[in-house]
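Trainee: I'm new to this one and a bit lost. Could you pick a single part and go over it closely with me?

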Amino acid sequence: MVHTLNFQEVITKGIQGLPQKYLSEVADFVVFMRSKAFDGSDSYDFDVINHELSLMDARELKHLEDEFKDYDQQFPKE
């Protein structure tokens, strides 16, 4: 069946109904592939980062905050 559809249609139809967790992974992969296809000239979009951060649940956000706690003191700018 895949050979009768173009790849964009397969991707669009394939992501419909996926849980947010998997959509986030698909988005990461798309950014990776664009970077690979365009020799890294297509930098990561900060809107994508902000969107992904907004989707984090409280547990994930707490873990991320803990990871960067006292970052400025541990790694001061020289």
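**A close look at helix α2**

Mentor: Sure, let's start with the outside: the chain exposes about 7200 Å², and carbon and sulfur atoms supply 59% of that (areas by the Shrake-Rupley method, 1.4 Å probe, with only the protein chains shown counting as cover for residues). Of its 78 residues, 0% count as buried (under 20% relative accessible area; exposed is over 50%, and partly exposed lies in between, with a 1.4 Å probe and protein chains only). Keep in mind that this is a predicted model, where local features need pLDDT of at least 70 and side-chain atom pairs need 80 or more, while totals for chains, interfaces and linings use all residues. Residues are numbered from 1 along each chain as its sequence is written, and side-chain values use heavy atoms, leaving out hydrogens and water.

There are five helices and zero strands (DSSP runs numbered from the N terminus: H or I of at least four residues for helices, E of at least two for strands). Going along the sequence, you read α-α-α-α-α.

Now for our part, α2. This helix covers residues 20-37, 18 residues in total. From its first C-alpha to its last it reaches 25 Å, close to the 26 Å expected (1.5 Å times one less than the number of residues). Just past the end of α2 sits D39, with a positive phi of about 55°.

What does α2 share with α1? Both α1 (7-15) and α2 supply at least two residues each to a nonpolar patch. That surface patch is about 600 Å², and F7, I11, I15, L18, Y22, V26 and V30 make it up (over 30% relative accessible area, no salt bridge, nonpolar side chains joined within 5 Å; like charges would be joined within 9 Å). Take Y22, which belongs to α2: its relative accessible area is 40%, so it counts as partly exposed.

Helix α2 also gives the most to the lining of the largest pocket, with five residues. The full lining is Q20, K21, S24, E25, D28, E52, L55, M56 and E60 (a pocket is an open set of 1 Å grid points where a 1.4 Å probe fits, with protein on both sides within 12 Å along at least five of seven lines; lining residues have an atom within 4 Å of a point). Look at Q20, which is in α2 and partly exposed at 41% relative accessible area. Its C-alpha is 9.9 Å from that of E52, although the two are 32 residues apart along the chain.

One last stop, away from α2: the structure holds one salt bridge (a Lys or Arg side-chain nitrogen within 4 Å of an Asp or Glu carboxyl oxygen). The side chains of K62 and D66 form it, at 3.0 Å from N to O. These two are four residues apart in helix α4 (residues 58-67), so about one helical turn separates them. K62 is partly exposed at 47% relative accessibility, and D66 is partly exposed at 43%.
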